[in-house]
Amino acid sequence: MVLWTMAAIAPVAISLLASVKPRKEIIASPLSWPEEFAFDNYSRAWSGTNLGEPWLTFATNSVISTTIGVLTGVGLGVLAGYATGRSKTNFGSIVNRYFLLLITLPFVVTWIPLFVLSDRLGVLSNPWVLGAMYGGRLVPFTAVMMRAYFASFPLDLIEAANLDGASEWTSFRRVVMPLSWGGVIAVGLVNFIFLWNELGLAQVLLLDPGSRTLPPGLSQFRGQFSVDFGALYASLVITVVPIIVLFSFTQKKLTEGLRAGAMK
Amino acid sequence: MLQSEQQVSGHAKSGPAPRRVTNENRRRLMWFTFVLPGILLSGALLLYPFLDSIRLSFFEWGGVGDKTYVGTDNYNELVRDKNAWMAIRNTTLFAIANAVFTVGIGGGFALAINRKVHGARLLKYLIFLPVLLPAVFISLVWMVALDGNFGWFNDILGWIHPSLPRGWLGEPSWVLPSVMLVSTLQWVGFPMVILLAALDDVLPDIHEAATLDGVNGLQRAWHISIPSIREVISTIFLVQLMFGFRVFDQVFVMTGGGPGRVSEVATTFVYREGFLNRRFGYATSQAVVTAVLIAVVSMVYVSVVRPRSIEKA
């Protein structure tokens, strides 16, 4: 098992090591501790001489699309999940079934139509629009998750608020939400990671290199023949380290969110 | 007496009845508005494209200009296309391998970690970490590592035995297993974490009682732990199966379907036919076939596996 862990972690470790080695060393002895330190790998990665765009461009686009996606998707998903959870009639379960069905739909089937639509509307290569599209994808999963989450919410609190004359919206906003942030954040984090790492739709829609998010941007390395390994590894490191750091801090919430996810 | 009472409650016209009816209606309207934006957005981005894909699959179209209606020609061509079959075959193999290995190995790890071994938490953290990393990242690093000439994977293998090194991604018979390996390495942590959580819920008393009766660890694992979490296992297996069918990132980055389309999967086939060969109709027909395949597999799986677990409960 330890061997396995080493293999699983290898990409991270190797990238870190290799990112500071000069090219010759990487090819000759990829696994050893560097003899020379080549920090200029990082300056090349940062300025993007190999990928055609500075790393920051890709990162910014990723931030845009992922944030918009999570905000809209989770926002609408939580509302929907709450309503289906509270509804006492069949309405709730019918809508939930709709969402469950949508979850099983493979995204690949949406690529071409969304491409055609974006082309017609002239919004190809637009991370903002991609974000909005991502949002739509997140709704079903979020709604189903939150429905389960809200199912265990103490009704008396809501009833009390309603008796005092609060509308459903107000009781939702003032009573339910403040207490539910834990669940929302857990789901939000899972969704965030998922969107951040998404390649499919981003690769299809973001044709202009300047509009690309990190995954398609980095994947440009794949076709190169004389790969600048140093810059490659450096780029990968700057992409991945923030995720690792984020994970270290949010560990509990994340695993909670995922657990709740698969249990359903 | 009863009749008139019925009449009164049916009309929103007299006494306490109207307030109750209106409140109910207001509430229902509220739920409806809560739910509507979500339904619309997800429908627009998932349902509509799916239906449009079906529609497009009956045309021959290059993306600009006129569409030519060709009826079921795309599907006919698909049936005769060796590459399409290869893609479906690879995708299915990948899905099964993904599910079997990630759940199997992840489950094994979960059982091992569950016994509170030293450093278990660190291992859990490290094994799970790759799940959060972009598949593109993992794929790129391994692509370099598996390189026939420069890759360090071969270097290590060479130390073990000189006959082991080979051109992993370049050899038709080793491409798919190589990609599967990379993907499994990354994803094994996901089922592991899920199963660990499930194992946590298993009552420790049963284990205690068993230990008192002289049952050893391995037997406890096989006869107690695994059956108790049967449902979770079947669920996560299905989830991983579904993920497997959708594989794209790893294949796209590492092989692009090669060498010579040997490692083609459904998603890369759609990408290639749609965006490289500019045949939207043909590409969507494959996409639709894949979606239907996935739906059929899920339905079969659920009807075969679920009833048994319901019986148990």
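Two residues are in contact here if their C-beta atoms, placed from the backbone, lie within 7 Å. With that in mind, take A:Leu201, which touches A:Phe107, A:Trp111, A:Leu114, A:Leu130 and A:Met133, leaving aside residues up to four places away in sequence. I should say at once that this is a predicted model, and I will go through it starting from that leucine.

A:Leu201 is also one of the residues with the most contacts inside the largest nonpolar core, which has 150 residues. Others in that group come from both chains, including A:Ala80 and A:Leu236 from chain A, and B:Phe137, B:Leu140, B:Met192 and B:Leu195 from chain B.

Let me turn to chain A as a whole. Chain A has 12 helices and 0 strands, and, read from the N terminus, its elements are α at every step. Of its 264 residues, 48% are buried. If we take the contacts in chain A between residues at least 6 apart in sequence, 76% of them join residues at least 24 apart.

Two of the residues that A:Leu201 touches, A:Trp111 and A:Leu114, bring us to helix H6 of chain A, which covers residues 108–121. How far apart should the ends of this helix be, at 1.5 Å a residue? Its 14 residues should span 20 Å, and the end C-alpha atoms are 21 Å apart, which agrees. As for its surroundings, 10 of the 14 residues of H6(A) are buried, so the helix is largely enclosed by the rest of the structure. Among those buried residues are A:Trp111 and A:Leu114, together with A:Val108, A:Val109, A:Ile112, A:Pro113, A:Phe115 and A:Leu117, and the list also includes A:Thr110 and A:Ser118. After H6(A) comes A:Gly122, whose phi is positive, near 70°.

Next, a pair of helices in the same chain. Two packed helices are described by the angle between their axes and the distance between the axes. For helix H7 (residues 127–151) and helix H9 (residues 168–196) of chain A, the axes come within 11 Å and cross at roughly 145°, and the crossing is right-handed. Which residues of H7(A) and H9(A) make this contact? From H7(A) they are A:Tyr134, A:Leu138, A:Thr142, A:Met145, A:Met146 and A:Tyr149, and from H9(A) they are A:Ser180, A:Gly183, A:Val187, A:Asn191 and A:Leu195. By class, the residues of this contact divide into 7 nonpolar, 4 polar and no charged. If you look at the numbering, it helps to remember that an α-helix has 3.6 residues a turn, so residues three or four places apart point the same way.

Now to the place where the two chains meet. The contact takes 66 residues from chain A and 70 residues from chain B. On the side of chain A that touches chain B, helix H12 (residues 229–263) gives the most, with 11 residues. That side of chain A has 47 nonpolar, 14 polar and 5 charged residues.

That leads us to chain B, which has 15 helices and 2 strands. Of its 313 residues, 42% count as buried, and among its contacts between residues at least 6 apart in sequence, 70% join residues at least 24 apart.

Is B:Trp142, which lies in helix H6 (residues 135–145) of chain B, buried or exposed? The cut-off for buried is 20 or more other C-beta atoms within 10 Å, and B:Trp142, with 27 such neighbours, therefore counts as buried. B:Trp142 and B:Phe153 are 11 residues apart in sequence, and their C-alpha atoms are 8.6 Å apart in space. B:Asn149, by contrast, is exposed, with 9 other C-beta atoms within 10 Å, and it lies in the loop between H6 and helix H7 (152–160) of chain B. From B:Asn149 to B:Gly167 there are 18 residues in sequence, and 7.6 Å in space, C-alpha to C-alpha.

I will finish with two arginines in chain B. Most residues other than glycine have a negative phi. B:Arg261, however, has a positive phi of about 75°; this residue sits in the loop between helix H13 (249–254) and helix H14 (266–276), and B:Arg261 is partly exposed, with 18 other C-beta atoms within 10 Å. B:Arg278 also has a positive phi, near 55°, and is found in the loop between H14 and helix H15 (280–312). B:Arg278 is partly exposed, with 13 other C-beta atoms within 10 Å.

Note on methods. Residues numbered from 1 in each chain as written. Chains lettered and ligands numbered in written order. Predicted model: local features only at pLDDT ≥ 70, side-chain atom pairs only at ≥ 80, totals over all residues. Helix = DSSP H or I, 4+ residues; strand = E, 2+ residues; numbered from the N terminus. Nonpolar A, V, L, I, M, F, W, Y, C, P; charged D, E, K, R; others polar. Axes fitted to C-alpha atoms, helices over the stretch in contact; angles between N-to-C directions. Left-handed = near helix turned anticlockwise from the far one by under 90°. Core = buried A, V, L, I, M, F, W, Y, C linked by C-beta atoms within 7 Å. Buried ≥ 20, exposed ≤ 12 C-beta atoms within 10 Å, placed from the backbone. Expected span 1.5 Å × (residues − 1).
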